[in-house]
Amino acid sequence: MRELEKLYSRIVQRVNINLRELDFDVTPFAGELIPPDQMTKFYAFYGITPDHPLDLHFNHSALAGSYFLGKCRIKNSLLYKSDIRGDELKRKDQVFNHGDFEIPLTTDEVIAIDDSVLVKTLVHNFSHDPETAEKFFIKNTLAMDYSNIHGAPSDGCFLGPFATVDLTTMRDCAIGCYSYVQAGEINHLRTAPGTIWVNSPGNFNFLYSYPTEALAHYVSFSPENVPWGILFDFIEARKDAFQRVFDFVNLDAIESVPDTASLDRFAVVLPKTKIEDNVLVAQRAYLENSTLGKGANAQENCFIINSHLEGLNVTAHGAKIIDANLESGVFVGFNSFLYGKPESKLNIGKGSIIMPHTIIDIDKQLEIPADHLVWGLVRNNKELAENSIPLEQLVNIETSFTRGRMHFEGQGRMFVKAFQDRIHHILDVNGAFYENGKNEGHAQRNQNLSLNTIQPFHFGEMEGMYPDIRIQP
Amino acid sequence: MENSSVKDLMVPISEYATVVLGTGLADAVTALEKAQEAYTASKYQHRAILVLDNNGNVVGKIGQLRVLKAIEPEYDFNDTMKELKKYNFSEEYLSQLRDKYRSELPILKTEQLKVIATKKVEEFMQKPRPGEFVAEDCSIDTAIHKMVAGRHQSLLVTRKEKIIGILRMADVFAAVFHEIRVFDV
């Protein structure tokens with residue numbers, strides 16, 4: 001057996017050992033996850049920038065098509081087309097505040113991935129765990145296609161396709177496909193597909209569960225089959241556009257990008273797209289026939305097609321916006337799928353918040369008024385009424401409310417504030433408020449980024465594996 | 001009373017209201033009513049009827065609470081409650097939600113009652129539970145212990161393997177109370 005296959009089997013076993021209490025076996029899902037020949041097909045690459053400390057350490061791992069930035073240590077792991085973005089890691093001497101604790105950092109934080117398989121997974125942000133402030137760990141974990149591990153240290157976990165764990169430490173958990181969890185800390189939890197859970201103990205608790213059959217239409221996976229559904233078909237249909245940006249080492253710079261904006265070299269931009277000041281377009285973002293107004297951002301794996309974003313819009317990791325008009329300040333959360341049609345546009349009013357993992361799929365024009373919170377599955381006005389609430393009404397909720405398949409307990413005011421603060425923070429770090437040399441963020445700093453590539457062994461026992469490499473300034 | 005045994009206070013099966021397996025809820029209620037009318041002379045009416053199988057063996061019991069439970073719609077929210085608990089929702093929220101779900105399914109609606117009337121006794125009878133049996137020659141002391149420990153309103157009295165009567169709490173209470181009154185100075 002080749003080294004790559006041995007490594008893969010060992011990782012699958014480690015994940016299974018961790019998940020044995022949940023009676024969850026990842027073996028059937030892991031079988032067809034990465035065809036071994038794909039592991040030699042793509043180079044890995046990393047960013048060099050004066051703005052982020054550099055220390056990359058690859059040890060006994062396969063890294064096909066993956067990207068690394070900042071301080072990352074990868075050991076005994078298999079990464080396939082994953083983004084390990086260490087540009088928001090904490091720095092030495094910084095003080096990390098958590099509850100009543102003020103934790104001084106003795107070293108720069110590092111993303112440490114051990115004994116894990118990550119497929120088309122985004123790893124970003126920083127560890128929010130006060131117990132491991134200097135180490136954003138991911139170990140004994142299997143993450144499937146388009147999952148997001150966002151500020152979420154993980155030990156012994158499985159993430160299904162399009163699952164997101166956000167600002168949460170997880171241990172021995174199985175997160176169902178298209179589930180979104182933000183809960184601080186979770187242990188031995190198994191979530192059903194399409195579980196949207198945002199919990200801040202003592203403040204608020206939000207839970208929405210997708211109707212199983214309806215969700216299966218968009219995202220499905222089973223032991224017998226590779227994942228399928230509209231979301232996969234949608235991405236697959238645009239796969240070729242990415243081929244070109246990854247095939248060429250040097251691409252011609254796209255004109256008409258303002259000096260204050262950043263367009264990643266590994267993003268796809270098709271005519272006629274307009275990018276205005278302070279816009280950030282991350283790698284693997286796909287833009288087509290759209291306008292990104294001042295301060296808007298398009299994060300990794302997002303798609304913006306035939307749409308107009310007025311400005312200060314956050315399009316979070318993996319979100320997809322098609323045939324839609326977004327007024328200023330509209331937030332679209334992780335992996336949301338806003339699927340308007342050319343003859344039936346989706347219009348979203350100023351300041352509205354589209355919760356992570358929301359699906360809006362319409363055949364008739366739909367208007368979402370300004371300052372609304374929207375969640376779950378929305379295919380018409382009736383479902384919009386059931387899955388939304390004006391922010392003005394939500395801030396007055398003091399105890400609880402139930403609407404359709406959504407449960408909320410706690411203070412609405414805190415929930416809205418948490419979202420609005422976070423949206424402001426995202427815009428801020430992305431450089432959306434940059435003006436006259438002040439409030440610089442990723443959009444301005446990423447311009448100082450260059451890329452290097454690394455290659456795997458192409459022959460022999462080590463085929464698909466990468467040599468042990470340490471990259472430092 | 002000190003020397004009394006269970007058989008001295010029990011009601012024999014032959015005097016008890018019974019229905020057979022397969023009886024509908026409406027007929028069971030009628031049987032219960034008739035049994036109670038027949039015992040109006042008694043201070044303590046029959047509160048339950050027994051369900052017999054084809055061989056005349058007691059296989060279950062139906063009281064008023066069981067009948068009310070049978071007419072309550074089957075709420076399909078147990079899984080939801082379990083899930084909400086898993087995701088840290090409070091008991092207060094769950095209780096409020098249960099009330100909400102129940103209020104959405106009214107009980108006393110003609111259509112609902114028509115369906116309920118066709119329910120068979122085996123669907124809602126209470127099957128005898130361990131600890132609910134007492135042998136006919138046991139002392140009343142033993143019966144009292146069993147009633148208190150198991151919170152049983154009545155016990156099934158057995159002779160070898162067969163159930164031959166019912167020992168009702170009301171009868172035991174009356175007998176005990178009578179004894180105590182003797183010492184009332």
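Colleague: What share of the contacts in chain A with a separation of 6 or more comes from residues 24 or more positions apart?

Modeller: Happy to help! This is a predicted model, where local features need pLDDT of at least 70 and side-chain atom pairs count only at pLDDT 80 or more, while totals for chains, interfaces and linings use all residues. Residues are numbered from 1 along each chain as its sequence is written, chains are lettered from A and ligands numbered from 1 in the order in which they are written. With contact meaning C-beta atoms, placed from the backbone, within 7 Å, the share in chain A is 36%.

Colleague: What radius of gyration does chain A have?

Modeller: This radius is taken over C-alpha atoms, and the globule rule is 2.2 Å times the number of residues to the power 0.38. A compact globule of 473 residues would come near 23 Å, and chain A agrees with that at 21 Å.

Colleague: What percentage of chain A counts as buried?

Modeller: A residue is buried if 20 or more other C-beta atoms, placed from the backbone, lie within 10 Å of its own (exposed: 12 or fewer; partly exposed: in between). Of the 473 residues of chain A, the buried part is 52%.

Colleague: Which residues touch the most other members of the largest nonpolar core?

Modeller: Such a core joins buried Ala, Val, Leu, Ile, Met, Phe, Trp, Tyr and Cys residues through C-beta atoms within 7 Å. Among its 143 residues, those touching the most other members are Val281(A) and Leu338(A).

Colleague: Which residues outside its sequence neighbourhood is Leu338(A) in contact with?

Modeller: Let's set aside neighbours within four places in sequence. Its partners are then Lys320(A), Ile321(A), Ile322(A), Ala324(A), Val332(A), Leu346(A), Ile354(A) and Ile360(A).

Colleague: How far apart are the C-alpha centres of the two domains of chain B?

Modeller: An automatic or database assignment gives domain 1 (6-70 + 116-182) and domain 2 (75-105). Their C-alpha centres are apart by 34 Å.

How values were computed:
Two residues are in contact if their C-beta atoms, placed from the backbone, lie within 7 Å.
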